[in-house]
Every structure is written in structure tokens, then in C-alpha cells.
There are 2 protein chains.
Amino acid sequence: MDEQPLEKLKQIEEQFVEKIADNMHTYGVSTTVGRVLGIIYMNRRPMTLDELSQETGMSKTRMSQVVREMVDLNIAEKVFEKGTRKDLYNVEHDYYQTFVSLFTSTWQKAIQKNKMFEKKMSAELQVIMENRTMNEEMEQKINVMLKETREWLDYYQWLARLVDFFDSGEIFKHIPKPEKVHNLD
Amino acid sequence: MDEQPLEKLKQIEEQFVEKIADNMHTYGVSTTVGRVLGIIYMNRRPMTLDELSQETGMSKTRMSQVVREMVDLNIAEKVFEKGTRKDLYNVEHDYYQTFVSLFTSTWQKAIQKNKMFEKKMSAELQVIMENRTMNEEMEQKINVMLKETREWLDYYQWLARLVDFFDSGEIFKHIPKPEKVHNLD
DNA sequence: AAATTTATACAATACATATTATACATAAAT
DNA sequence: ATTTATGTATAATATGTATTGTATAAATTT
């Protein structure tokens, strides 16, 4: 291949960005979030909305929406630089941390949404339980559903512990990141 | 409330189904996959495409698509019953196992898609490296990208170990399911 | 052998999400 | 005080995904 090495390197960086973008639905976020993440990552310094707009070919409005989502997900942060009015955004430079941030953010929301559900269901089942006109079949069905609500609660409590397991970094004690030694090549 | 207890119980089951459906985007699958999962779960015996179509109000075509996806994701299975021509589908009755199945299925696909990427990038960087017309800045950039490909590889290998950690059940040694004792109430 | 049932391929449509264009509020520069 | 820059609210549009309708192939029943 006759391409200039610099151009070739650019292409490789772009392939990285595209691969990150491509993977992002696995993390529960849009392709564009991944693309912006990858672009800032490869840029190796914070970027403005205008720069992101230029780099992605998308509107500044869209870039604004995307970086706000990323900040909410803890995978980007606004950084301050003296002498510029424009907002600057940087991203997490640690693949593992990005995974943990997205994993915990996603599941925290799910856990939060289910916080009151079990209580509500149990209460409603209790109300039916107090109905005097109940036969044995009915009582059995209610007991099955009561058991179900407990399993639901147990599972969501387990999920909360799982999220904490990741958020605290405990996961890395059990599945260590590879040693850095070979990076000293 | 004056509702018949049986109707009330039906409503509670439906609320469970809707909550499962509602949560499903967190697991990376569609609301309809969740609804079908919940319906079969609450039915407590395998269901046919026609029954699912009836219960969901959706086309039989759609139900066929959905259950195939669920079978692919290891959260449903086709079961055989003597004396019926219709396919019967059952679902996993363990919240934890459903989580593990979806988690591992989702991430296995991502890992598979990235299997060759690092090799390809490294090879392309090596080709540039051999270019004689390289200056020091260029060489530094290539080294940064080579380091990047190693980190990528390390991270995906870590993800593979993480998936195995879940798939093997190892996760439950570190974050145990709650004791079953209180279920004997 | 013919009719019927069943699941799914295929094409078309509906709906939800991603994105753009424009307007507007706020802050900074002049 | 006015102008300019900047980010985002809002409305409209484009695109991708979910779903339906119809056709078809294969298996089962008659």
C-alpha cells in the first residue's frame, strides 16, 4: 500500500472510533454516543461542541444532547480551560471504567424504578388475603404470588449488591485487569 | 375496593408482566420480548404461538419472531408435548438465570465481533512501522496506537473472563442469592 | 392424494428514536 | 447598551426498529 503513513494512521484511529461506536448498543447507548466517545478519546484532549459537530458531521444541537447524556452517564465530564468561552468535554480514558460507569448507571436506573413495586404488590395481595370469601384454590394462588413478590425483591436486592460490586471496584479483585508488565515493551 | 379477588389477582399478575416488559430495555431486548417472557412465566406452563398472539394482541408472525429471539438468547426453549402439533415454548423461571443468560449472550456477541479487530489493527500498525520514511513524531504516534491496541485486547480478554464469571455461576459465590429460609413463611 | 394446520419468509406499514432547523435565553465581548 | 457567541428548548423531519399482512413451504390430518 502506497498511502502516506500519516493518512494510514488516521485511518486506523477512525477504525477504532467506528468499532467503539459499533459496540455501543451492547452498553445500552446509541451509536452516536459511542462515536463521540471514540472521537474525544482519540483526540486525546477535550473537545468543544463545534469541534465535535465538525468531526461527526452532525448538528451542534445533537452534539449538545449527546454530551449531556454522556455526562449523565459518567463517561464524559465538562472541563474548564482558561481563556475560552466554549464548553470543553473530556471522556474517560479507561475502558474498564467506562464499562463500570455504563453498567452501574444503567442498572441503578432499573433498580430505582423497581424500588416500590414489590411493596405495592405485597400490599395489594394482603388486601385480597383479607377477603373473607376466599376458597382454597384462591388462597393458594395468592400464596404463589406472595412468594413471587419476595423473589422479585430478593432479586432486585441482589442486583443492587451486584452494582455495588462493580461500582466499588471489587470486581477487579476477582477478575483482575491484566498485568501492565507487557506494556513496558 | 369491590373487585372480585380473582380479577384483582389477575390484575396483579398483569402488573408483574408489565413491569418485566418495562424493564427489558435494561437487558438489551425489546419490551415485547419482556412481555412474552412475563406472560409465559405467569402462565406457569408452556404456551403456543396462537396463545401468545391471543394474550398479547399481536400477530402470530411477530410472536414467532419474538420467541425465536428468546430461544437464541437462552431465555426460552421449545418443549415437546405428545399429542399436539403446535410448537410449545417455555421460559426460564429463575430471575437470576434470565439475567445471566441475557448478560452472557449480549456480551458474547460483542466479544466475538471484536475478536479479530486487535490483530488487524496491530498488523496494520506494523506495516506502517516498517516504512523507512518515518520521523520521530510519527514513530511516537504509532507507539501510542500500538499501546492502544494492547489495551483493547486486554480489555476484551477481561470481558471474556467476566462473562465466564457469570456463566459459570461463580458470581453467586461472591454475591450470594439471598437465603431461601424466609420463603418458608 | 388432497386438505388443513402451522411456522416463517417476505414485503409493506406503523411507530419510536435520532437528528436537524429554528428560536431563544444567557453570558461574554465590544 | 449593544452585539456576538454559545448552548439548549422546541418543533419538524429523517431513519431505524417493531409490527402487520400476505404468501409460501413443510408437516400433519383426513
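Two residues count as in contact here if their C-beta atoms, placed from the backbone, lie within 7 Å. Keep in mind that this is a predicted model.

**View 1. Where chain A meets chain B.** With that cut-off, 43 residues of chain A are in contact with 44 residues of chain B. On the chain A side, helix 1 (5-23), helix 5 (95-113), helix 6 (117-129) and helix 7 (136-167) each chip in at least two residues. Helix 7 of chain A gives the most, with 15 residues. Sort the chain A side by class and you get 23 nonpolar, nine polar and eleven charged residues.

**View 2. The surroundings of DNA strand C.** There are 18 residues around DNA strand C, and A:T32, A:S59, A:R62, B:S64 and B:D87 are the closest of them. Helix 4 of chain A, along with helix 3 (49-56) and helix 4 of chain B, are the elements that put two or more residues on this surface. The top contributor is helix 4 of chain B, with four residues. As for chemistry, the surface near DNA strand C has eight charged and eight polar residues, plus two nonpolar ones.

**View 3. The surroundings of DNA strand D.** Now for DNA strand D: of the 18 residues around this strand, A:S64, A:D87, B:T32, B:S59 and B:R62 come nearest. Two or more residues apiece come from helix 3 (49-56) and helix 4 (60-72) of chain A, and from helix 4 (60-72) of chain B. Helix 4 of chain A gives the most to the surface near DNA strand D, namely four residues. That surface splits into eight polar, eight charged and two nonpolar residues.

Methods
Residues numbered from 1 in each chain as written. Chains lettered and ligands numbered in written order. Predicted model: local features only at pLDDT ≥ 70, side-chain atom pairs only at ≥ 80, totals over all residues. Near = placed C-beta within 6 Å. Nonpolar A, V, L, I, M, F, W, Y, C, P; charged D, E, K, R; others polar.
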